[in-house]
Amino acid sequence: MTSLQIPVDILPLDGRFGAGPSKVRAEQIDHLIEHQDILGTSHRQAPVKDLVGRVRTGIAELFNLPEGYEVVLGNGGSTAFWDVLAASLIERRSAHLSFGEFGAKCVTSASAPWLDAPHVVKTEPGTVGHFEPVAGADVYAWPHNETSTGASAPIKRVEGADDGALMVVDATSAAGGIAMDPHDFDVYYFAPQKNFASDGGLWFALLSPAAIARVEKIAASDRHIPPFLSLQAAVENSRLNQTLNTPALATLLLMEAQVEWMNQLGGLDACAHVTAHNSHLLYSWAESHELLSPFVENPEHRSPVIVTLDVDSRVDATVLTTILRANGVVDTEPYRKLGRNQIRIATFVGVSTDDVERLMSSIDFVLAHLLGEGS
């Protein structure tokens with residue numbers, strides 16, 4: 001059965017539906033080739049610094065950042081930023097929503113020995129908890145979109161939080177695909193391999209004036225902060241359109257092309273409309289399907305960029321995804337540690353509606369054959 005051929009007229013034209021690294025558009029590759037002379041040149045010289053500056057300006061435009069907010073970048077991806085958070089943003093104690101793999105990893109970093117034990121609101125995967133004010137918490141941290149489960153949490157300030165408490169949001173799979181108001185966060189950080197269709201290895205953070213003031217305060221204290229984890233160093237270098245150490249230039253070029261395209265679409269609201277439409281197609285299809293159902297039960301918490309669907313026990317989802325992969329439809333496997341019989345489909349802004357519709361037809365075709373109903 002794994003040799004089953006899906007008819008070409010229903011196969012997606014581009015079969016990349018992974019939760020990251022994500023589909024890279026051909027136009028991004030063209031941009032990379034057009035500017036290949038930048039590759040292999042010094043990141044301290046004008047051509048690369050100008051590139052960094054264009055990316056920072058494009059991101060600020062995309063998110064319509066208020067006066068005083070800054071776009072900061074550094075090396076290491078979101079995994080590194082969790083440690084940056086512990087070293088450079090949490091003063092004494094943090095509070096967290098943990099409702100999946102990546103929220104839990106942030107809690108681990110925030111459990112550093114120089115900090116008080118974090119307050120954690122933990123809920124089951126596929127659900128989203130909520131904050132009550134926590135006395136002494138100077139950071140509230142949560143994922144905007146839990147990539148492992150496809151559950152999405154709203155971005156809003158915690159009512160009753162201590163004065164000066166920062167709202168810090170992990171936006172790696174959400175950024176560029178879900179609308180929000182920058183006034184509702186102090187730190188919105190992400191890696192570029194999701195909606196921004198670039199390679200990993202960098203992190204970007206949108207910082208409010210309050211967050212920058214906190215960074216400066218901690219940097220001026222006696223806390224030991226390794227340079228790689230110093231957000232103050234990242235701020236100072238970003239203002240010069242550079243990073244502390246060598247950035248991935250190909251990633252920056254891919255991101256430049258994607259950010260420019262997203263702004264040409266109409267900015268964040270337009271991008272969010274695309275992801276909402278495509279994810280709605282999948283959720284509506286699954287809700288009426290005999291063999292599929294949305295994993296996240298509460299529609300208000302269903303992600304518009306990561307759609308996780310449970311598969312009926314009559315079908316082995318591993319066989320389904322294996323057949324899809326053999327036909328060029330890749331990375332629909334679920335998050336490995338979740339351990340459920342399900343599929344996971346990214347509907348990032350670069351994924352076309354036509355390919356989403358073709359994917360649904362392809363899955364229906366495979367499911368029919370797995371149940372012995374296909375011709």
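Where along the chain is His301 found? Keep that in mind while you get oriented; we'll come to the answer at the fifth stop. What you have open is a predicted model.

**Stop 1: the two domains**

Colour residues 12-24 together with 267-371 as domain 1, and 26-264 as domain 2. Their C-alpha centres lie 27 Å apart. For the surface where they meet, pick out the residues in contact: 31 from domain 1 and 33 from domain 2.

**Stop 2: the largest pocket**

Keep the domain colours on and go to the largest pocket, with a volume of about 470 Å³. Where does it lie with respect to the two domains? Both domain 1 and domain 2 give residues to its lining, so the pocket lies between them. Select Gly20, Phe102, Thr147, Lys194 and Tyr335: of the 25 lining residues, these lie nearest the centre. Helix 3 (77-88), helix 4 (101-109) and strand 5 (145-146) are the elements that each give two or more residues to this lining. Helix 3 has the largest share, with four residues. If you colour the lining by class, you should get eight nonpolar, nine polar and eight charged residues.

While Gly20 is selected, add Pro21 and look at the bond between them. The peptide that joins Gly20 and Pro21 is cis, with omega about 0 degrees. Pro21 sits in the segment before helix 1 (26-34).

**Stop 3: Ser173**

Next, select Ser173, in the loop between strand 7 (166-170) and strand 8 (187-190). Is this residue buried or exposed? Ser173 has 1% relative accessibility, so it counts as buried. Show side chains here, and you'll find a polar contact of 2.8 Å between Ser173 and Thr147. Thr147 is one of the residues you just picked nearest the centre of the largest pocket. Setting aside neighbours within four places in sequence, Ser173 also touches Asn145, Lys194, Asn195, Val305, Ile306 and Phe348, among others.

Now move to Ala197, which is in the loop between strand 8 and strand 9 (202-207). Check its backbone: phi is near 50 degrees, a positive value in a residue other than glycine. Ala197 has a relative accessible area of 1%, so this residue is buried.

**Stop 4: Thr308**

Jump to strand 11 (residues 306-311) and select Thr308. At 1% relative accessibility, Thr308 counts as buried. What does its side chain reach? Follow it to the backbone oxygen of Thr149, at 2.5 Å. To see what else is around Thr308, leave out neighbours within four places in sequence and show its contacts, including Gly150, Ser293, Pro294, Phe295, Val296, Gln342, Ile343 and Arg344.

**Stop 5: His301**

Back to the opening question. His301 is in the loop between strand 10 (292-294) and strand 11. With 17% relative accessibility, His301 counts as buried, because the cut-off is under 20%. Beyond its neighbours within four places in sequence, His301 is in contact with Val128, Gly150, Ala151, Ser152 and Val296. Two of these names, Gly150 and Val296, are also on the contact list of Thr308.

Now draw a distance from His301 to Phe131. The two are 170 residues apart along the chain, and their C-alpha atoms are separated by 15 Å.

**Stop 6: the second largest pocket**

Phe131 takes you to the second largest pocket, where it lies nearest the centre along with His130, Pro154, Lys156 and Val158. In total, 15 residues line this pocket, and its volume is about 270 Å³. By class, the lining has eight nonpolar, three polar and four charged residues.

**Stop 7: the largest cavity**

There are three cavities of 30 Å³ or more. Head for the largest cavity, with about 90 Å³ of space. Select Leu73, Gly74, Asn75, Trp203, Pro227, Phe228, Ser230, Ala234, Thr243, Leu244 and Asn245 to show its lining. Which element gives the largest share? That is strand 1 (residues 70-75), with three residues. The class split is six nonpolar and five polar, with no charged residues.

Finish at Asn241, in the loop between helix 6 (231-239) and helix 7 (249-265). Asn241 is not a glycine, yet its phi is positive, at about 60 degrees.

Notes. Residues numbered from 1 in each chain as written. Predicted model: local features only at pLDDT ≥ 70, side-chain atom pairs only at ≥ 80, totals over all residues. Heavy atoms only, no water. Buried < 20%, exposed > 50% of the residue type's maximum accessible area, 1.4 Å probe, protein only. Polar contact = N/O pair within 3.5 Å; in protein donor to acceptor, adjacent residues only side chain to side chain. Contact = heavy atoms within 4.5 Å. 1 Å grid on protein atoms, 1.4 Å probe; cavity = no way out; pocket = protein on both sides within 12 Å on 5 of 7 lines; lining within 4 Å. Points joined across faces, edges and corners; volume = space filled by probe spheres on them. Nonpolar A, V, L, I, M, F, W, Y, C, P; charged D, E, K, R; others polar. Domains from an automatic or database assignment.
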